[in-house]
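Visitor: I'm new to this one, so could you walk me through it?
Guide: Happy to; have a look first, then ask away.

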Amino acid sequence: MPKVIHCKRVVPDSGCAHSVRGATEEELLRNAEEHAREHGIVEITPELVEQLKSFIEEE
Ligand SMILES: [Zn+2]
């Protein structure tokens, strides 16, 4: 089942309508890291990864 993180749920103030998807959690987190760079986040810390994991939803 594809997994998804809705950007605006992670950063409600961003107004970002982007959703990051991945077939696996690993792929999803990789895509999320890429998308985070578009928001100027260059360093993906383990804490941030843990935070992102809590926003993962199944599609
Ligand atoms: Zn975004």
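Guide: One term to start with: a residue is buried if 20 or more other C-beta atoms, placed from the backbone, lie within 10 Å of its own, exposed if 12 or fewer, and partly exposed in between. Keep in mind that this is a predicted model, where local features need pLDDT of at least 70, side-chain atom pairs count only at pLDDT 80 or more, and totals for chains, interfaces and linings use all residues. Residues are numbered from 1 along each chain as its sequence is written.

Visitor: Is V20 buried or exposed?
Guide: Find V20 in strand β2. Around V20 there are 23 other C-beta atoms within 10 Å, so V20 is buried.

Visitor: And S19, in that strand: buried, exposed or partly exposed?
Guide: S19 is found in strand β2, residues 19-22. Because S19 has 15 C-beta neighbours inside 10 Å, the label for S19 is partly exposed.

Visitor: In what order do the elements of the chain run?
Guide: Helices (H or I, at least four residues) and strands (E, at least two) are DSSP runs, numbered from the N terminus. The chain has three helices and three strands. Reading from the N terminus, the order is β-α-β-α-α-β.

Visitor: How does the radius of gyration of the chain fit the globule rule?
Guide: That radius is taken over C-alpha atoms, and the rule is 2.2 Å times the number of residues to the power 0.38. For 59 residues the rule gives 10 Å, and the chain is close to that, so it is as compact as a globular protein of that length, with a radius of gyration of 10 Å.

Visitor: What is the order of the strands in the sheet?
Guide: Two strands pair if DSSP finds at least two bridges between them. Strand β1 (residues 3-6) is joined to β2 by four bridges, and β1 also pairs with β3 over two bridges, in the antiparallel sense. The edge strands, β2 and β3 (57-58), each pair on one side only. The sheet is open, and its order is β2-β1-β3.

Visitor: Which residue in β3 stands opposite K3?
Guide: On the β2 side, K3 stands opposite G22. Over in β3, the residue opposite K3 is E58.

Visitor: Which residue in β2 is the bridge partner of H6?
Guide: β1 and β2 run antiparallel. In β2, H6 has as its bridge partner S19.

Visitor: Which helix gives the most to the largest nonpolar core?
Guide: A nonpolar core is a set of buried Ala, Val, Leu, Ile, Met, Phe, Trp, Tyr and Cys residues joined through C-beta atoms within 7 Å. In the largest one here there are six residues: I5, C7, V20, L28, L29 and A32. Three of them come from the top contributor, residues 25-38, which is helix α2.

Visitor: At about what angle to β2 does α2 run?
Guide: Axes are lines fitted to C-alpha atoms, for helices over the stretch in contact, and angles run from 0 to 180 degrees between N-to-C directions. Helix α2 lies across β1 and β2, and its angle to β2 is about 150°.

Visitor: Which residues does V20 contact, leaving aside neighbours within four places in sequence?
Guide: Two residues are in contact if their C-beta atoms, placed from the backbone, lie within 7 Å. On that test, the partners of V20 are V4, I5, C7, L28, N31, A32 and H35.

Visitor: What does C7 touch, not counting residues up to four places away in sequence?
Guide: C7 is one of the residues in the largest nonpolar core. Its contacts are S14, C16, H18, S19, V20 and H35.

Visitor: How far is A17 from C7, C-alpha to C-alpha?
Guide: A17 sits in the loop between α1 (7-10) and β2. A17 has 8 other C-beta atoms within 10 Å, so A17 is exposed. A17 and C7 are 10 residues apart in sequence, and the distance in space is 6.7 Å.

Visitor: Last one: is V42 buried or exposed?
Guide: Look in the loop between α2 and α3 (46-53) for V42. V42 has 8 other C-beta atoms within 10 Å, so V42 is exposed.
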